[in-house]
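The following exercises concern a single protein model. Each task is followed by a solution worked in steps.

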Amino acid sequence: MSVREVALEAYREAVPALAASVVGGLFAGVVLGGMRGELEAVKGLLVLVPALLATRGNVFGSLGARLSTGLHQGLLEPYVDLSNDRLRGAIAAALSNGIFVSLFAATAVFVVLNLLSAPVAPLPTLLAIAVLAGLFSGIALTVAVVGVVFLGFRRGHNPDTLVGPLVTTTGDVFGVAFLLLAVRIVLGLGGG
């Protein structure tokens, strides 16, 4: 293949994923814009949002890269087989890392805002929101990443090309949507 052919193939695979990423990002922005009441009710939540969204991309981007490498090396078959130790291990690592990093982010926001003497919700409230949002979005992202990576590979696409935009889009959409759900659950249970 010539350089031109390789470039055209990369664009052919990447453009639809990037277009979906733009639409998903806009949707996430609309949801975030509609969270004014929740952002005012939970002091420090606005500071937590970028940290939670960035960590979703990092954690689940790693899951996609790990699955993609396994497929390219022939260590994984492009089908969901939960009896496969490699697949189960990758999924378990991503879910647990997502929850732990959510807890760390919530704690860091609490500490930093206290050091700056800025208003901040109680630590248990931030932790509960972060754990719920991390769990909900982690499950959704796991399903999306595993499904798209395996399906894309079976259809002849390079999963490495799909993972970045997929994780960015679904991470933002699910991250903001499940953050809103988590805030409403915690506030409904009396947190705040």
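**Exercise 1.** Determine which backbone atom lies 2.7 Å from a polar atom of the side chain of Ser102, and describe the surroundings of this residue.

*Solution.* Step 1: the partner is the backbone oxygen of Gly98, 2.7 Å from a polar side-chain atom of Ser102. The model is a predicted one, in which local features need pLDDT of at least 70 and side-chain atom pairs count only at pLDDT 80 or more, while totals for chains, interfaces and linings use all residues. Residues are numbered from 1 along each chain as its sequence is written, and side-chain values use heavy atoms, with hydrogens and water left out.

Step 2: Ser102 belongs to helix α4, where helices are DSSP runs of H or I with at least four residues, strands are runs of E with at least two, and numbering starts at the N terminus.

Step 3: Ser102 counts as buried because its relative accessibility is 0%; buried means under 20% relative accessible area (1.4 Å probe, protein chains only).

Step 4: beyond its neighbours within four places in sequence, Ser102 is in contact (heavy atoms within 4.5 Å) with Leu52, Arg56, Ala130 and Gly134.

**Exercise 2.** Identify which elements give two or more residues to the largest nonpolar core, and locate Leu45 among its contacts.

*Solution.* Step 1: a nonpolar core is a set of buried Ala, Val, Leu, Ile, Met, Phe, Trp, Tyr and Cys residues joined through side-chain atoms within 4.5 Å. The largest has 25 residues, of which Met35, Val42, Leu45, Leu48, Leu126, Ile129 and Leu179 touch the most other members.

Step 2: the elements giving two or more residues to this core are α1 (3–33), α3 (45–72), α4 (85–115), α5 (123–154) and α6 (159–188). The most comes from α6, with six residues.

Step 3: not counting residues up to four places away in sequence, Leu45 touches Met35, Glu38, Leu39, Ile129, Leu179 and Val183.

Step 4: a second, separate core holds 18 residues, including Val59, Leu76, Ala94 and Val146.

**Exercise 3.** State how many helices and strands the protein has, and characterise the chain as a whole.

*Solution.* Step 1: the secondary structure consists of six helices and zero strands, in the sequence pattern α-α-α-α-α-α.

Step 2: along the principal axes, the C-alpha atoms fill a box of roughly 60 × 35 × 30 Å.

Step 3: of the 192 residues, 39% count as buried. Among contacts with a separation of 6 or more, 78% join residues 24 or more positions apart.

Notes. Buried means under 20% relative accessible area, exposed over 50%, partly exposed in between (1.4 Å probe, protein chains only). A polar contact is a pair of N or O atoms within 3.5 Å; within protein, one must be able to donate a hydrogen and the other to accept it, and residues adjacent in sequence count only if both atoms are side-chain atoms.
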